[in-house]
Amino acid sequence: LRAVYRLVDAPLRWWATFVKILLNLGFERLMNPCLLVKFYADGTRVRTGLHVDDSQVVGNQTNLRALQKLVEEQLGSLTVQQGEYAHTGLELYQDPKTKSIKVSLVKYTLAIEFIEVTPARRKETKSACTKEEHGMVRSRLGSGGWVAWNVGGDISVDVAQLQQIAHAPTVADLLVVNELVGKLHRYARER
């Protein structure tokens, strides 16, 4: 017996275990390997999206309770949130009366940090980024890409253009990435 905690591939193992359970319960994979659906004889369905160790499950309450019971029989107690929660950076809220769902990325977007660039470093505009700075560029572009993918617009163009420099950014590029972070923050505050 071996626990999967603190192993490099623990998220993959968790995901594979959860998918296997769902497939055994009659779920089918959709085109995206992280999306699964189960169709019921009464015409209802339950859909789930998996990301690492989080799952967002959508369906009617009867089917959701039954699914939770079956999964907990195999995995133990699960933490279940409903009505208002965050999933993959998306803040979701379901109005209890109308059942309408609102989705926001405001908190996620405002949590994207500027890259600190000292005044002395700013003068080295043509210098290559350090390994740490390179990682920060990739992180900000990945986060910005997630926002762009969900909201689109001119942010998508900005991120796409900056992704072209992600392989070998310079100090000047750090400043441009910070401009993108500022634009993302302004966009989020307007929402």
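Two strands count as paired if DSSP finds at least two bridges between them, and strands (E, at least two residues) and helices (H or I, at least four) are DSSP runs numbered from the N terminus. Keep that handy for the exercises below.

This is a predicted model, where local features need pLDDT of at least 70 and side-chain atom pairs count only at pLDDT 80 or more, while totals for chains, interfaces and linings use all residues. Residues are numbered from 1 along each chain as its sequence is written, and side-chain values use heavy atoms, with hydrogens and water left out.

**Exercise 1. The sheet**

Work out the strand order of the open sheet and say which strands sit at its edges.

Solution.
- Step 1: start with β2 (residues 35–39) and β3 (residues 45–51), which run antiparallel and are joined by five bridges. Leu 36 stands opposite Thr 48 in β3.
- Step 2: go on to β4 (residues 54–58), which pairs with β3 in the antiparallel sense over five bridges. Thr 48 has Val 57 as its bridge partner in β4.
- Step 3: pick up β1, which pairs with β2 in the antiparallel sense over two bridges. Here Glu 28 stands opposite Val 37 in β2.
- Step 4: put it together, and you get four strands in the order β1-β2-β3-β4, with antiparallel pairing. The edge strands are β1 (28–29) and β4, since each pairs on one side only.

**Exercise 2. The turns**

Find the residue with a positive phi in the turn of each hairpin.

Solution.
- Step 1: look between β2 and β3, a hairpin with five residues between its strands. Gly 43 in that turn has a positive phi of about 90°.
- Step 2: now try β3 and β4, a hairpin with two residues between its strands. In this turn Val 52 has a positive phi of about 55°.

**Exercise 3. The largest nonpolar core**

Trace which elements build the largest nonpolar core, then look at Ile 115 and Val 177 inside it.

Solution.
- Step 1: fix the terms. A nonpolar core is a set of buried Ala, Val, Leu, Ile, Met, Phe, Trp, Tyr and Cys residues joined through side-chain atoms within 4.5 Å. Buried means under 20% relative accessible area, exposed means over 50%, and partly exposed is in between (1.4 Å probe, protein chains only).
- Step 2: the largest core has 19 residues, and those with the most contacts inside it include Ile 115, Val 137, Leu 141 and Val 177. Two or more residues each come from α5 (131–151), α6 (154–163) and α7 (171–190). The largest share, six residues, comes from α7.
- Step 3: check Ile 115, which lies in the loop between α3 (106–110) and α4 (119–122). Ile 115 counts as buried, at 3% relative accessibility. Contact means heavy atoms within 4.5 Å; leaving aside neighbours within four places in sequence, Ile 115 is in contact with Met 136, Val 137, Arg 140, Leu 174, Val 177 and Asn 178.
- Step 4: do likewise for Val 177. Leaving aside neighbours within four places in sequence, Val 177 is in contact with Ile 115, Val 137, Arg 140, Leu 141 and Leu 162.
- Step 5: don't miss the second, separate core of 13 residues, which includes Leu 22, Phe 27, Leu 64 and Val 71.

**Exercise 4. The face of α6**

Which residues of α6 are buried, and what do they pack against?

Solution.
- Step 1: the buried residues in α6 are Ile 155, Asp 158, Val 159 and Leu 162.
- Step 2: seen down the helix axis, the buried residues of α6 fall within an arc of 95°, so they line one face of the helix. The arc is that of the directions from the helix axis to the C-beta atoms.
- Step 3: that buried set packs against α5 and α7.

**Exercise 5. The aromatic pairs**

Find the two aromatic pairs and classify their geometry.

Solution.
- Step 1: set the cut-offs. Rings of Phe, Tyr and Trp (its six-membered ring) pair if their centres lie within 6.5 Å; planes under 30 degrees apart count as stacked, over 60 as edge-to-face and the rest as tilted.
- Step 2: the structure holds two such pairs. The rings of Trp 14 and Phe 18 have centres 5.8 Å apart and planes at 20°, so this pair is stacked. Trp 14 is partly exposed at 28% relative accessibility, whereas Phe 18 is buried at 10%.
- Step 3: Trp 146 and Trp 149 have ring centres 5.6 Å apart and planes at 10°, so they are stacked. Trp 146 is partly exposed, with a relative accessible area of 26%, and Trp 149 is exposed at 66%.
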